[in-house]
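Hi,

Here is the structure I promised to pass on. Have a look at it first, and my notes follow underneath.

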Amino acid sequence: MAKPSRILDCSAIGTTSYKLQAMFLYIESLEPKKVNIIIFDNKKIIRQKTFAAFSDKILDCLDELMGGRAKVMKLEAVVVHQGPGMFSAVRSGVLLANTLGALLDIPVMAVRDAFDATLLPKLIGSLLKKKNNQPISPLYNREPNITVKLESGIKNQESRIRKS
């Protein structure tokens, strides 16, 4: 964990206080069973881990990396890789980022395509300047095909109902 930096408390001249460095979160889930989570500040990557987990376990992976949900509550911003990638994987990562942003009232920023995550500490300042309050939308590497299966399932179900 980063050492607290000593700062002057302007409200009480002559005393000092300690402030922890701001922590940011990066989520990348572009493929099934692969979630990359990075905790970083504006100087360096603090912790990073790639989990071999389905997208429905991203929150558990985040808890494990950060050491509990209490520390998740201290995040200052979330950066999410919005794709393109596989439908369920990208959707889950973007959903978690948007949810954390709304619950913690922190900015959520998106990166895309061939993004180099090692640059996060250097880029966070410019990403924060570009922030907006709109939810991030996922980008998929192809059209989702879940509606095709659903429609054919409905037609089969309708034909069974007519027969009975």
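To start with a question: which residues of α3 are buried? Keep in mind that this is a predicted model. The buried set in α3 is A89, V90, S92, G93, V94, L96, A97, N98, L100, G101 and L104. If you look along that list, the general rule for helices is handy: an α-helix has 3.6 residues a turn, so residues three or four places apart point the same way. The cover over the buried residues of α3 includes β3, α1, α2 (69-72), β6 and β7 (108-111). As for its geometry, α3 is 18 residues in length and spans 26 Å from first C-alpha to last, close to the 26 Å expected at 1.5 Å a residue. The helix lies across β3, β6 and β7, and its direction is at about 160° to β3. Right after α3 comes D105, with a positive phi near 55°.

Now the sheet. Five strands make up an open sheet with mixed pairing, and their order is β5-β4-β3-β6-β7. The edges are taken by β5 (45-51) and β7; each has a single partner strand, so one side of each has no neighbour in the sheet. From one strand to the next, the twist averages 15°.

β3 is a good strand to follow from here. Of its nine residues, eight are buried, so to speak of β3 as mostly covered is fair. On one pairing, β3 runs parallel to β6, with five bridges between them. On another, β3 and β4 are antiparallel and share six bridges. L25 takes part in both pairings: its bridge partner in β6 is V78, and its bridge partner in β4 is I39. β3 and β4 also form a hairpin with two residues between them, and K33 in that turn has a positive phi of about 60°. Further along, β4 pairs with β5 in the antiparallel sense over six bridges, with I39 opposite R47 in β5.

What about the packing? The largest nonpolar core has 27 residues, and L25 and I37 are the ones that touch the most other members. At least two residues of this core come from each of β3 (23-31), β4 (34-40), α1 (58-66), β6 (75-81) and α3 (87-104). The biggest contribution is from α3, which gives six residues. There is also a second, separate core of 13 residues, and F24, I38, V111 and L120 are among them.

If you want a residue to click on, try I37. Leaving out residues up to four places away in sequence, I37 touches L25, Y26, R47, Q48, K49, F51, I58, C61, L62 and L65.

Some of those contacts are in α1. The buried residues of α1 are I58, C61, L62, D63, L65 and M66. What covers them includes β3, β4, β5, α2, β6 and α3. Just after α1, G67 has a positive phi of about 85°.

Next, the rings: how many aromatic pairs does the structure hold? There are three. One of them is F24 with F40, a tilted pair at 5.5 Å centre to centre and 35° between the planes. This pair links distant parts of the chain, with F24 in strand β3 and F40 in strand β4, 16 residues apart. Why does F24 count as buried? Its relative accessibility is 6%, and the cut-off for buried is under 20%. F40 counts as buried too, because its relative accessibility is 0%. Another tilted pair is Y26 with F115, at 5.9 Å centre to centre and 40° between the planes. Y26 is in strand β3 and F115 is in the loop between β7 and α4 (120-129), so this pair ties together parts 89 residues apart in sequence. Y26 and F115 are both buried.

One last residue, from that loop: R112 also sits between β7 and α4. R112 counts as partly exposed because its relative accessibility is 46%. Its C-alpha is 8.4 Å from that of V80, a residue 32 places away along the chain. Not counting residues up to four places away in sequence, R112 touches H81, Q82, G83 and L139.

Cheers

Definitions and conventions. Residues are numbered from 1 along each chain as its sequence is written. This is a predicted model: local features need pLDDT of at least 70, side-chain atom pairs count only at pLDDT 80 or more; totals for chains, interfaces and linings use all residues. Side-chain values use heavy atoms; hydrogens and water are left out. A nonpolar core is a set of buried Ala, Val, Leu, Ile, Met, Phe, Trp, Tyr and Cys residues joined through side-chain atoms within 4.5 Å. Buried means under 20% relative accessible area, exposed over 50%, partly exposed in between (1.4 Å probe, protein chains only). Helices (H or I, at least four residues) and strands (E, at least two) are DSSP runs, numbered from the N terminus. Contact means heavy atoms within 4.5 Å. The expected span of a helix is 1.5 Å times one less than its number of residues. Rings of Phe, Tyr and Trp (its six-membered ring) pair if their centres lie within 6.5 Å; planes under 30 degrees apart count as stacked, over 60 as edge-to-face and the rest as tilted. Two strands pair if DSSP finds at least two bridges between them. Axes are lines fitted to C-alpha atoms, for helices over the stretch in contact, and angles run from 0 to 180 degrees between N-to-C directions.
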